[in-house]
Amino acid sequence: MASAIIVVIFVVVIFLLGWSWRQQLGGRRAALAALCRLLWLSPLVLALWPRLNTIKTAAEIAPRVLHILIDDSDSMSGATAVQDILWQAEQRCRELSCKVRRRYLSELSAATRRSYSPLSLVLPDWLAEVGDDAWLLLTDGGDLQPQLGWQAVLEVESVSDAGMVLGFAGEINKNIRLAKIDLVPLAFENTPADVQLLLQRTPAQQQERVQVQVTLDGKVLAGHNVVFAATMDKARLTLPVPELARGMHLLEVEILPPGGEKILWDNSRAALLEVLPNTVGVLHLLGSPSWDGSFVRRYLKSEPRYDLISFFILRDPMDDSQVDERELSLIPFPVDQLFGEELENFRVIIMQNFSLSRFLQPQHQQNLVDFVLRGGALLYIGGPRALLYEDIITSPLTKILQVDKRSATLQRQHSNWQSDLDFKLRFAQPTAEQRALASIYDDWLEMQEELLAFAGARGLNRLVLSDTGYTPLINAVDKQGVELPLLVASYPGKGRAIWLFSDTFWRLAMAGAARYSYHRFLQLAMTWLLQRDLQRPLHISNFVLSHNRNLDVVWRLELQGAATKYFALSEQWQLQLCGQRQDWSQVNVATVGPQHKTLSGRTAVGDKQKCRVKIAGVDKAFGALQAESVALLPRLYKDEEVGRAPTHAEDLAKLLRVPFIVDHEKFSSKLSMFMSRHFAQAAFAPHQQEKTEQDYFWILNEPWYLLLLLFLPAEVLLRRWRELG
Amino acid sequence: MKILSMALGLSLSLSATATIELVAVQPAQNWRFTRLAQEVQKRTSLTLATTLAVRDGSNFSTSPWLWVRNLAFVADDIAVAQWIRKGGMLVVAGGDAATLTTFTARTFGKSTGAWQNIPLDHELMRSFYLLDTLPVCNQQRWRSFTFAARLAIVVIPQRLLAYLRDGGADVPCLRQTGREMATRMFINLLMVALAGDYKKDQVHLPEILKRLR
């Protein structure tokens with residue numbers, strides 16, 4: 001507004017000026033002279049409308065930083081090379097124009113002054129401070145809780161890989177360590193578990209014999225003598241652990257210290273073993289090898305909890321393989337044994353593209369149906385050989401699947417299989433009562449994004465089901481928009497069944513971003529079918545006890561499973577830790593995902609070395625649930641007890657995927673290479689900043705500005721024309 | 001299974017089966033497999049399509065298996081690796097195993113999956129026919145890449161499909177093997193693709209049943 005007024009004033013002043021020249025110059029020349037004045041002064045007026053310019057400036061030159069953490073605990077006192085390394089790092093940084101930022105362990109934790117090496121307490125925060133910069137760690141590997149393991153305290157994904165660990169080894173003392181313990185964390189009742197161990201020793205000179213024990217609550221479960229051959233520094237051992245009771249067990253593996261060994265902290269380790277109810281027997285019947293059968297089989301084989309027996313029809317009765325039977329691998333299958341005596345030992349039967357009436361004797365057909373009625377689970381997957389006329393009209397299958405017999409699609413001569421029927425998926429609308437019975441519907445609803453986007457579904461057993469006795473879950477919608485049953489759940493007798501009237505779902509594995517969707521789809525189906533057997537909707541993992549900087553005991557665990565989404569800090573949920581009920585106000589909860597939370601807090605465990613955690617919850621959605629785990633409180637070791645532990649430092653470097661150098665003669669060259677790699681190319685961080693500013697003189701950058709200036713001499717000429725004449 | 005079928009005295013028509021497509025990449029677009037499909041249908045419970053489904057580097061990813069001579073059909077080998085991870089099976093017939101080894105090392109990492117010459121106790125040797133041996137060609141053996149406990153890539157030194165197609169000319173290294181053996185090898189490969197190591201379940205049957213009781 002102000003600018004407009006100024007322009008008006010400007011124009012008026014010029015006009016008046018021209019008016020005043022009228023007497024002297026005459027009307028026409030006065031007007032032209034005034035116009036010239038207006039034009040050559042116009043840049044001044046245009047400055048009232050500045051332009052906004054965005055400019056990039058090198059605001060400040062930020063030298064890159066080399067972070068160095070120096071372990072100055074007691075055990076590092078003789079490490080004279082530290083000063084040389086620091087001097088060299090400073091020198092190289094001068095050449096490369098970087099900046100060294102040193103931190104000492106003693107600065108970061110007072111525990112150092114109490115003769116501890118608090119490396120595991122300090123490292124997470126220090127690495128967070130380092131960010132993406134380059135870093136060096138100078139340490140002998142000593143730590144006050146060395147048995148904890150680095151992975152328990154560090155989040156590896158967030159650590160910069162532009163680092164290096166320089167390790168300091170002392171004189172070689174006699175030491176035997178339990179370098180690695182491999183134990184599959186799940187075992188089954190009545191089944192022994194194997195623990196695989198790797199033992200290492202220094203020095204590797206003479207033949208030596210040591211004893212290894214596996215204990216549970218102080219009771220020796222297994223023991224074995226290990227012999228190191230002369231000059232060998234490693235020995236491997238597989239120890240069978242006898243059958244354990246169902247539940248969570250913390251096994252302790254220990255090398256009994258031989259004479260002369262001073263460093264004992266690395267002689268023992270603990271490992272968690274959960275013993276589950278016996279494995280689940282699954283019988284997979286396939287009417288003909290197919291891609292869908294292949295993908296179902298892959299899923300079943302990928303789950304260790306399933307003991308899978310398959311029964312595939314590779315050849316039809318009328319087929320002629322044109323060879324002597326001895327040239328075929330088709331061995332007799334114990335049909336009578338499986339479908340007679342052993343059927344009750346399976347928990348789920350998967351019938352896929354399989355005709356009961358054509359492949360099994362009537363008694364075996366009846367046994368299969370009785371199996372479901374007595375409480376077994378059935379997953380029925382369709383296909384061209386499934387649900388033939390006899391199956392759905394006269395076979396015992398009619399007891400557990402009721403098809404509308406008046407349906408026009410039911411004809412003896414014609415299969416209900418429509419191989420060319422393309423369809424999309426649409427979730428059915430079961431009643432609230434039906435939905436309550438089939439919680440699988442809600443489970444699959446959580447996958448609706450993937451399922452509804454599933455394109456390329458083709459092939460359907462086109463059936464009309466009777467009105468009652470099942471819960472519709474997902475329908476197939478053909479190109480005409482007709483909805484047909486695709487997935488239904490039913491509850492025949494005491495059992496459960498899921499009916500999938502298509503063999504197309506393998507395409508979900510190939511179509512999606514990952515095979516995960518397909519596995520999840522089947523996993524949810526199997527979990528619903530086997531709910532009583534595999535009920536683990538709530539479980540605890542990664543339960544860790546450790547010390548914080550004040551040497552208080554802190555704990556952390558991960559809570560997972562379908563029931564986790566109902567978890568709340570309320571009276572319906574209880575946490576018992578080391579025998580004491582915890583107040584929720586003292587617990588930190590972080591949500592990682594819909595079925596994944598992290599809980600942490602501080603606790604007092606007294607003298608207990610072993611601590612059990614239990615989380616119990618009550619909710620209408622699942623009734624009552626409980627999950628538990630157990631962990632050892634890592635003992636605190638004084639620096640002198642741990643000594644120099646370069647292998648521990650090496651473990652850290654391996655975990656962080658950075659180089660580890662322990663030979664001090666190589667420090668100089670390796671450090672030089674490390675710094676060249678990280679600083680030579682761009683010692684200065686290319687910090688640029690964008691700035692927006694008003695440019696009042698923008699017109700000076702425009703070429704036509706010079707044209708306007710030409711009106712200045714033009715005005716002079718017009719006004720002095722007579723004098724020039 | 002045969003014993004079961006005979007015991008039941010079945011004489012039924014079970015012609016309704018899902019048709020298995022042979023999927024390959026160009027330039028093998030005009031090949032037909034009428035005779036091979038007849039043989040497969042006559043001998044097994046499977047139905048094989050008589051024509052070749054042809055794909056290219058942009059539309060192969062929904063096929064469960066793919067017959068190729070090399071990986072040149074696709075510019076982005078990461079896509080092939082992803083396809084294998086999702087469940088695809090690659091059959092390289094008449095190709096170079098060394099190139100494939102480099103491909104898997106680059107895309108799967110050296111520690112994931114394993115290459116091997118197909119041993120005599122491999123499921124491929126007994127998935128339907130009992131085979132004594134697999135023919136060698138120019139000192140190249142049949143090789144397999146196992147990923148996630150399944151046969152993910154198989155490298156056949158001979159151009160098996162070229163030999164088995166309608167009017168297929170003699171193919172080096174398969175002339176001596178003969179059409180009957182080539183058909184058996186193809187059927188065994190088909191069975192492994194569709195049924196995996198199904199035969200192993202039968203071997204472990206007594207042990208599994210004992211555990212389940």
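**Exercise 1. Helix H5 of chain A**

Identify the residue just after H5(A) that takes a positive phi, then describe the helix itself.

Solution.
- Gly131(A) follows H5(A) directly, with a positive phi of about 60°. Helices (H or I, at least four residues) and strands (E, at least two) are DSSP runs, numbered from the N terminus.
- This is a predicted model: local features need pLDDT of at least 70, side-chain atom pairs count only at pLDDT 80 or more, and totals for chains, interfaces and linings use all residues. Residues are numbered from 1 along each chain as its sequence is written, while chains are lettered from A and ligands numbered from 1 in the order in which they are written.
- Next, the length. H5(A) covers residues 119–130, 12 residues in total. From first C-alpha to last, H5(A) reaches 15 Å, close to the expected 16 Å. The expected span is 1.5 Å times one less than the number of residues.
- Now the burial. Buried means 20 or more other C-beta atoms within 10 Å of the residue's own, exposed means 12 or fewer, and partly exposed lies in between; C-beta atoms are placed from the backbone. The buried residues of H5(A) are Leu119(A), Ser120(A), Leu121(A), Val122(A), Leu123(A), Leu127(A) and Val130(A).
- Last, the partners. These buried residues pack against strand S3 (65–70), helix H4 (105–108), strand S5 (134–139) and strand S24 (539–547) of chain A. Two residues are in contact if their C-beta atoms, placed from the backbone, lie within 7 Å.

**Exercise 2. A sheet and its edges**

Work out which strands of the nine-strand open sheet in chain A stand at the edges, and state whether S16(A) is enclosed or open.

Solution.
- Write down the order: S16-S15-S17-S18-S23-S22-S21-S19-S20 of chain A, with mixed pairing. Two strands pair if DSSP finds at least two bridges between them.
- Read off the ends. S16 (306–312) and S20 (457–461) of chain A have a single partner strand each, so one side of each has no neighbour in the sheet.
- Add the twist: an average of 30° from one strand to the next.
- Follow S16(A) inward. S15(A), residues 280–286, pairs with S16(A) in the parallel sense over seven bridges. Val282(A) has Leu308(A) of S16(A) as its bridge partner.
- Check the burial of S16(A). Seven of its seven residues are buried, so S16(A) is largely enclosed by the rest of the structure.
- Split S16(A) by face. Tyr306(A), Leu308(A), Ser310(A) and Phe312(A) are buried on one side, and Asp307(A), Ile309(A) and Phe311(A) on the other. In a regular strand the side chains alternate between the two faces of the sheet.
- Move to another pair. S19(A), residues 417–427, and S21(A), residues 471–478, run antiparallel and are joined by five bridges. Arg426(A) is opposite Asn475(A) in S21(A).

**Exercise 3. Two helix pairs**

Classify the packing of H3(A) with H18(A), and of H6(A) with H6(B).

Solution.
- Two packed helices are described by the angle between their axes and the distance between the axes. Axes are lines fitted to C-alpha atoms, for helices over the stretch in contact, and angles run from 0 to 180 degrees between N-to-C directions.
- H3(A) (residues 81–96) and H18(A) (residues 667–679) cross at roughly 30°, their axes coming within 10 Å. H3(A) is therefore roughly parallel to H18(A). Under 35 degrees counts as roughly parallel, over 145 as roughly antiparallel, 65 to 115 as roughly perpendicular, and the rest as oblique.
- Residues of H3(A) in this contact include Ile85(A), Ala89(A) and Leu96(A), and those of H18(A) include Leu671(A), Met675(A) and Phe679(A).
- H6(A) (residues 291–302) packs on H6(B) (residues 179–195) at about 55°, with the axes 7 Å apart. H6(A) is therefore oblique to H6(B).
- Trp291(A), Gly293(A) and Ser294(A) meet Ala193(B), Leu194(B) and Ala195(B) there.

**Exercise 4. Unusual backbone**

Locate the cis peptide bond before Pro203(A), and decide whether Ser97(A) and Asn138(B) are buried, partly exposed or exposed.

Solution.
- Most residues other than glycine have a negative phi, and most peptide bonds are trans.
- The cis bond joins Thr202(A) and Pro203(A), with omega about -15°. Pro203(A) sits in the loop between S9 (193–202) and S10 (208–216) of chain A.
- Ser97(A) has a positive phi near 55°. Ser97(A) lies in the loop between H3 and S4 (99–104) of chain A. With 13 C-beta neighbours inside 10 Å, Ser97(A) is partly exposed.
- Asn138(B) has a positive phi near 50°. Its loop runs between S5 (114–117) and S6 (143–147) of chain B. With 8 C-beta neighbours inside 10 Å, Asn138(B) is exposed.
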